[in-house]
Amino acid sequence: MREVFKQYEFDSVIHFAAFKAVGESVAEPLKYYRNNLISFINILELMVEYGRHNIVFSSSATVYGDADILPVTELTPRKPATSPYGNTKQMSEDILRDMTTATETLHGIALRYFNPIGAHPSA
């Protein structure tokens, strides 16, 4: 990723890179923590180092856990995640919040997607 940051001029990053299968994350949690968290931290470090200012983070509705009230809205509080995958999304949102607070130049947003039409057989 360092070579990409060195070679190209851009102001914003859209981060969609993560493992996503909830069941697999339960069976292989370290795989998910290592990939989803460390890769996100690496991107944020490079953004700060190279003066890149904006990031859109692809989060997930899994950050709502088992919500008390449905339908879930943006005002619904986060509850404990029900899988390592969900944990990585919650942790990444927390890391993003902490980094945007700690720096004056990094700005970010997390988009919490739902799966409105059902799971794909791969996940």
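Which helix does Asn36 lie in? I looked it up in the model, which is predicted. Asn36 belongs to helix H3, residues 29-50.

**Entry: Asn36**

I checked the exposure of Asn36 next. Its relative accessible area is 3%, so I put Asn36 down as buried. Then I looked for polar partners of its side chain. The side chain of Asn35 makes a polar contact with that of Asn36 at 2.9 Å. A second polar contact, of 3.2 Å, runs between the side chains of Asn36 and Thr88. I also listed what Asn36 touches, leaving out residues up to four places away in sequence. The list reads Ala18, Phe19, Tyr85, Thr88 and Ser92. Thr88 therefore appears twice in my notes on this buried residue, as a polar partner and in the contact list.

**Entry: salt bridges**

How many salt bridges does a search of the whole structure find? I noted 9. I followed several of them up.

I took Arg2 and Glu49 to begin with. Their side chains meet in a salt bridge, 2.7 Å from N to O. Arg2 sits in helix H1, residues 2-7, and Glu49 in helix H3, so this pair ties together parts 47 residues apart in sequence. Arg2 is partly exposed, at 37% relative accessible area. I added a reminder that side chains of opposite charge can pair when their charged atoms come close.

Glu24 and Lys31 came next. Their closest N and O atoms are 3.2 Å apart, and the pair forms a salt bridge. I compared exposure at the two ends. Glu24 has a relative accessible area of 29% and is partly exposed. Lys31 is partly exposed too, and its value is 29%.

Then I turned to Lys79. Which residue does Lys79 form a salt bridge with? The partner is Asp68, with the closest N and O atoms 2.9 Å apart. I placed both residues in the loop between strand S2 (54-58) and helix H4 (84-102). They are 11 residues apart, and the pair links distant parts of the chain. Is Asp68 buried or exposed? Asp68 counts as exposed, at 68% relative accessibility. Lys79 is partly exposed, at 26%.

I also noted a network. Salt bridges with shared partners join Arg78, Glu93, Asp94, Arg97, Asp98 and Arg112 into one network.

**Entry: strand S1 and the nonpolar patch**

I moved to strand S1, residues 12-15. Which residues make up its covered face? I found Val13 and His15 there. Ser12 and Ile14 form the uncovered face. I recalled that side chains in a regular strand alternate between the two faces of the sheet.

I checked the pairing of S1. S1 and S2 run parallel and are joined by 4 bridges. Val13, from the covered face, stands opposite Ile55 in S2.

Ile14, from the uncovered face, led me to a nonpolar surface patch. The patch covers about 480 Å². Ile14, Phe16, Ile109, Leu111 and Tyr113 make it up. I looked at Ile109 separately. Ile109 lies in strand S3, residues 107-111. At 46% relative accessibility, Ile109 counts as partly exposed.

**Entry: the loop between S2 and H4**

I went back to the loop that holds Lys79 and Asp68. Thr76 has its place there as well. Is Thr76 buried or exposed? Thr76 has a relative accessible area of 15%, so I recorded it as buried. I then looked for a polar partner. A polar atom of the Thr76 side chain lies 2.9 Å from the backbone nitrogen of Thr73. Leaving out residues up to four places away in sequence, Thr76 touches Tyr64 and Ala67.

I followed Ala67, which lies in the loop between S2 and H4. Beyond its neighbours within four places in sequence, Ala67 is in contact with Val72, Thr76 and Lys79. Lys79 is the salt-bridge partner of Asp68. I also took a distance from Ala67 to Thr101, 34 residues apart along the chain. Their C-alpha atoms are separated by 27 Å.

Last, I checked a peptide bond. Which peptide bond is cis? I found the bond from Leu70 to Pro71 to be cis, with omega near 0 degrees. Pro71 lies in the loop between S2 and H4.

Definitions and conventions. Residues are numbered from 1 along each chain as its sequence is written. This is a predicted model: local features need pLDDT of at least 70, side-chain atom pairs count only at pLDDT 80 or more; totals for chains, interfaces and linings use all residues. Side-chain values use heavy atoms; hydrogens and water are left out. Helices (H or I, at least four residues) and strands (E, at least two) are DSSP runs, numbered from the N terminus. Buried means under 20% relative accessible area, exposed over 50%, partly exposed in between (1.4 Å probe, protein chains only). A polar contact is a pair of N or O atoms within 3.5 Å; within protein, one must be able to donate a hydrogen and the other to accept it, and residues adjacent in sequence count only if both atoms are side-chain atoms. Contact means heavy atoms within 4.5 Å. A salt bridge is a side-chain nitrogen of Lys or Arg within 4 Å of a carboxyl oxygen of Asp or Glu. Two strands pair if DSSP finds at least two bridges between them. Patches are made of residues with over 30% relative accessible area and no salt bridge: like charges are joined within 9 Å, nonpolar side chains (Val, Leu, Ile, Met, Phe, Trp, Tyr) within 5 Å. Accessible areas come from the Shrake-Rupley method with a 1.4 Å probe; for residues, only the protein chains shown count as cover.
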